[in-house]
Amino acid sequence: MNALARIFATPQGIVFFVAVLFALVLGLINPAFFTPATLIDLARNGLVTGIFALGVMMVLASGGIDVSHTAIGAFAMYATMKIVLGIDLDLPIIAYFVIAAIIGAGLGLINGVLIGGLGLNTLIVTLGTLSFFRGALLTFLGTTYITSVPREVINFSRTILIRIENAVGQMVSLPASFLVLVAVTIVLAIIMNFTVFGRKVYAIGGSEEAAQRIGIRIRRVKVLIYVIAGAIAGLAGMTHVTLSRMANPFDLVGMELNVIAAVVLGGARITGGHGTVLGTLLGVFVITMINTTLLMAGVPSYWQKFVIGCLIIVGTGLPIVIDRLARHRQRMKRPLEAG
Amino acid sequence: MALNLRKLTAGVALGAALIVGAGAVTHAQDAKHSIVTVVKLSGIAWFNRMEEGVKEYAAETGHDATQVGPASADAALQVQMIEDLIAKKVDAITVVPNSPEALEPVLGKALDAGIKVVGHEASSLQNVTYDVEAFDNAAYGRHLMEALAQAMGGEGEYAVFVGHLTAKTHNEWVDAAIEYQKEKYPNMTLVTDKLESNEQQQTAYQKTKELLRTYPNLKGIQGSAGEDVVGAALAVEEAGLDGKVKIVGTSLVSVAGPYLETGAINMISFWDPAKAGIAMNKVASMAIEGKEITDGMDLGVEGYNAIKLDGKVLYGQAWVDVTTDNMNEYDF
């Protein structure tokens, strides 16, 4: 196999290839696509999905799945706003994120105890807690929109990292909330690649049995995984407030499949053991591009969902097909070489 | 201003309480109807506002009109409440169902027991005496388009949002609006299909960003879900296009307030739940007294002065338009 073929054989390589191909087609249809402004728009639109996706990637790498992350995010975001408005104190914006992360971690702990402690199935547990957290939010915290968010949040929303004018004279800006994604990316990359804990996550995802035999305390690691994923979801929720400048308790829930699709597109496998930070970000980039540029390409509204579905199936299915083919070819080769 | 308003409401509430109290003393009077309004959910701003209307009606007429609602928007809880009301033998039930289909059996039971039933936001209900709708969806859609056309000066490119492509009412509004535009404002052009916001502000925001990039000459946006206009306004504001893109749609002051204030949203419309509450109770009373409701009738409630009767369903023209000038009058 030559070098190029080897790159295409990796999941990230495929995703990257799909992304480039898609961008080329879009560029042909609408030349306005190839501008720095588009890139900034994509970065901004993929922000919340990206933060959520990083947490979900870690869960997937450990062989689990988490569909409750959006409910955790919504709960953390709304609870944080309620708390801050309730105590009526001038807190720096960083405190908002800390509170949201703590609330998220607390909810993640519930997932962790049920999954790690009691050893229940991750999909069943998180499907349950998705409904549980959301129900608790709407029942006990409220159903009204908070449109008068504190001044610190508005100021942070208005803080802009990059601001440029696009081809048609409109302003395009990257908000400071982008730094949250950067921070989560760096921290998670370190955890997954340079700590013993990160190795344990992959080990459990690869084979729980083997991981246990080499002395990994699986339960403890699992609890911690869901606590960290919860904290990340909390940060995503708070980031969502700074982007929308209001706290709507009905927001976020409903995008979990989109997030999981992004993570899987990025090379993580539902069966566990695989998943990288870089791949996940690539997956998010592709999903966001698909979701927010079909209009530009002139795809009618009714067709957009269909196209998104097709791209997800192709994007996630292709790496597996290629993988199978490669193995098949190897198997076919073996007897010949032996002979 | 806010303080005055609060005093005023307190005064009205006190007055209402006194009159209701006085009414209770003369409970034995024959002409007094007991009418209970069952809402989707109690405690939220929308239905608190409806309760003000119900109380106002009770105070004005001396009838025993009250409002109840479950703590969560659950059809099963509404069914239980209506069962209780049937057992109590009230004269009439007015209801804003969470799920019209789920209530059909219990409402049928109420009708069998001789109780008058008046629905709201449920024109598909079969087991009702009457159903009161704030407006005919097509007429409302045309009304929104007229406002958008006025703001745009009758020309230019525009786009429309619906919450979901499957949402029946939103599509009825928007389809009528587009038809009206084609007839009356030929210089306006719809740039693309109906856009779907999923009733999420951020989705409306992202789609608006994309719209602006793809159609730089866009001059107007009409929203359907309450979040549509807010997401669109945020995108327009961030793009530095305030005032160049006119935004009109259905929303509430509690949702769209900040953008109405800055003028990023030109106008929002909705219907006043207090008025709907009064209209429902009036219709219920008339049904109890055996009076017939006829097409073109005046219910004596603002917005319901010339109702359109279609089978059991009556339509008003009860939309309320809110701009930056009168937004302080509405607290929901």
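**Close-ups of two cavities and a helix**

The structure holds two cavities of 30 Å³ or more. Keep in mind that this is a predicted model.

**View 1. The largest cavity, with a volume of about 50 Å³.** Chain A brings Ala32(A), Thr35(A) and Ala37(A) to the lining, along with the run Asn166(A), Ala167(A) and Val168(A). Chain B joins in through Arg213(B). Sorted by class, that makes four nonpolar, two polar and one charged residues around the largest cavity.

**View 2. The second largest cavity, at about 40 Å³.** Here the chain A side of the lining is Asp41(A), Asn166(A), Gln170(A), Met171(A) and Val172(A). From chain B come Lys209(B), Arg213(B) and Ala239(B). Two elements each put at least two residues into this lining: strand S2 (171-175) of chain A and H7 of chain B. The class tally for the second largest cavity reads three nonpolar, two polar and three charged residues.

**View 3. Asn166(A) and Arg213(B), zoomed in.** Look for this pair in the lining of the largest cavity, then find Asn166(A) and Arg213(B) again in the lining of the second largest cavity.

**View 4. Helix H7 of chain B, residues 201-214.** This helix has 14 residues and runs 20 Å from its first C-alpha to its last, close to the 20 Å expected at 1.5 Å a residue. H7(B) is mostly covered, with 14 of its 14 residues buried. It is also one of the elements that supply at least two residues to the lining of the second largest cavity.

Technical notes: Residues are numbered from 1 along each chain as its sequence is written. Chains are lettered from A and ligands numbered from 1 in the order in which they are written. This is a predicted model: local features need pLDDT of at least 70, side-chain atom pairs count only at pLDDT 80 or more; totals for chains, interfaces and linings use all residues. Side-chain values use heavy atoms; hydrogens and water are left out. Helices (H or I, at least four residues) and strands (E, at least two) are DSSP runs, numbered from the N terminus. The expected span of a helix is 1.5 Å times one less than its number of residues. Buried means under 20% relative accessible area, exposed over 50%, partly exposed in between (1.4 Å probe, protein chains only). On a 1 Å grid over the protein atoms alone, a cavity is a set of points where a 1.4 Å probe fits but cannot get out, and a pocket is an open set with protein on both sides within 12 Å along at least five of seven lines; lining residues have an atom within 4 Å of a point. Grid points are joined across faces, edges and corners, and a volume is the space filled by probe spheres set on the points. Ala, Val, Leu, Ile, Met, Phe, Trp, Tyr, Cys and Pro count as nonpolar, Asp, Glu, Lys and Arg as charged, and the others, Gly among them, as polar.
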